[in-house]
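Welcome! Below are a few short exercises, each with a worked solution. Have a look at the model, then try each task before reading on.

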Amino acid sequence: MATMSPWPPCPQDDHVPISTMSPWPPRPQGHTVAQGGLLLLGTLGLWVLEGGARTLGTPPGTLNASGTPRWDLASAFFFSTTLLTTVGYGPVAPLSPGGKAFCLAYAALGVPFTVLTLAVVARWLSVPVTRWPRRYLRTRWGWSPRGAAGLHLGLLAGAVAGGFVLLPAAALWALGGSGSFLDAVFFCGMAVTTVGLGDTAGAPEGQPPRHLYRVALAAYLLLGVTAALLLLAAFQQLLELHGVSAALRPPPDPPEEDGGLLDEGGQ
């Protein structure tokens, strides 16, 4: 006696491997390598300029982002990341005239390229994160395109909120880097959405963990902003399936009527 399969019937193309149904875009290797070079340039530039801030005209004893009159490499790397991702926390800013001029030029060139790089990476990750789960829901479980997109958006929003807001906030709160758990959640939420209100969460006590802490925060910013872009793209696709995006678009320009001024002048 043949056993009944617990899976509902599915279309014939369901047996096609998922990787062949949704081909991946080209890998963003060139963008990521260039982005790494851009971060290295900003880190070294700010470290050289702000590392000697006391000798470049700032008042003696003035404290900067690292809590000392001179920036270290970790502080310069963290500030470069917050600058390129447009987060920009509170009083963290260069003090020397050379550092300010460098930041203006660095932001003018680096911010557009960083936005492009994160968008390319998010588009590359959208195949396994968005296309494959939605295709699986449609072909294996018979969900409609709108229903699959809605369920996927809810699951993705929960994953982003848990993996990039609640879990990092719990780790930050456990390490003593924030006054309360709500403060830690607020910090992570403002970081992922690139709002960046207030100051950075305090680093753990001790100099070596503090350097590692700033590097980890910089990596968290890049990953969190990428996850937010994935969530935004999934939300936009859901709106398109419901026809909301088309309704929000401006109406097309009316076609030009024949017999205009040029035609009248030529008669």
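**Exercise 1.** Decide whether Phe181 is buried, partly exposed or exposed.

*Solution.* This is a predicted model, and the relative accessibility of Phe181 in it is 34%. Buried would need a value under 20%, and exposed a value over 50%. Phe181 therefore counts as partly exposed.

**Exercise 2.** Find how many aromatic pairs the whole structure holds, and classify the pair of Phe102 and Tyr106.

*Solution.* Step one: searching the whole structure gives two aromatic pairs. Step two: for Phe102 and Tyr106, the ring centres are 5.5 Å apart and the planes meet at 15°. Planes under 30 degrees apart count as stacked, so this pair is stacked. Step three: place the pair in the chain. Phe102 and Tyr106 are four residues apart in helix H4 (residues 97-141), which means that about one helical turn separates them. Step four: check the accessibility of each partner. Phe102 is partly exposed at 22%, whereas Tyr106 is buried at 4%.

**Exercise 3.** Work out how the rings of Trp173 and Phe181 are arranged.

*Solution.* Begin with the distance: the ring centres of Trp173 and Phe181 lie 5.9 Å apart. Next comes the angle, which is 70° between the planes. Planes over 60 degrees apart count as edge-to-face, and that is the class of this aromatic pair. As for accessibility, Trp173 has a relative value of 46% and counts as partly exposed.

**Exercise 4.** Describe the backbone and the setting of Thr86, then do likewise for Thr194.

*Solution.* Take Thr86 to start with: its phi is positive, about 60°, although Thr86 is not a glycine. Thr86 sits in the loop between helix H3 (73-84) and H4, and with 43% relative accessibility Thr86 is partly exposed. Now turn to Thr194, which is not a glycine either, yet has a positive phi of about 60°. Thr194 is found in the loop between helix H6 (181-192) and helix H7 (207-241). Its relative accessibility of 24% makes Thr194 partly exposed.

**Exercise 5.** Test whether the span of helix H2 (residues 29-51) agrees with its number of residues, and list its buried residues.

*Solution.* Helix H2 has 23 residues, and at 1.5 Å a residue it should span 33 Å. The end C-alpha atoms of H2 are 32 Å apart, which agrees with that expected span. For the second part, the buried residues of H2 are Gln35, Leu38, Leu39, Gly42, Thr43, Gly45, Leu46, Glu50 and Gly51.

Key: Residues are numbered from 1 along each chain as its sequence is written. This is a predicted model: local features need pLDDT of at least 70, side-chain atom pairs count only at pLDDT 80 or more; totals for chains, interfaces and linings use all residues. Side-chain values use heavy atoms; hydrogens and water are left out. Rings of Phe, Tyr and Trp (its six-membered ring) pair if their centres lie within 6.5 Å; planes under 30 degrees apart count as stacked, over 60 as edge-to-face and the rest as tilted. Helices (H or I, at least four residues) and strands (E, at least two) are DSSP runs, numbered from the N terminus. Buried means under 20% relative accessible area, exposed over 50%, partly exposed in between (1.4 Å probe, protein chains only). The expected span of a helix is 1.5 Å times one less than its number of residues.
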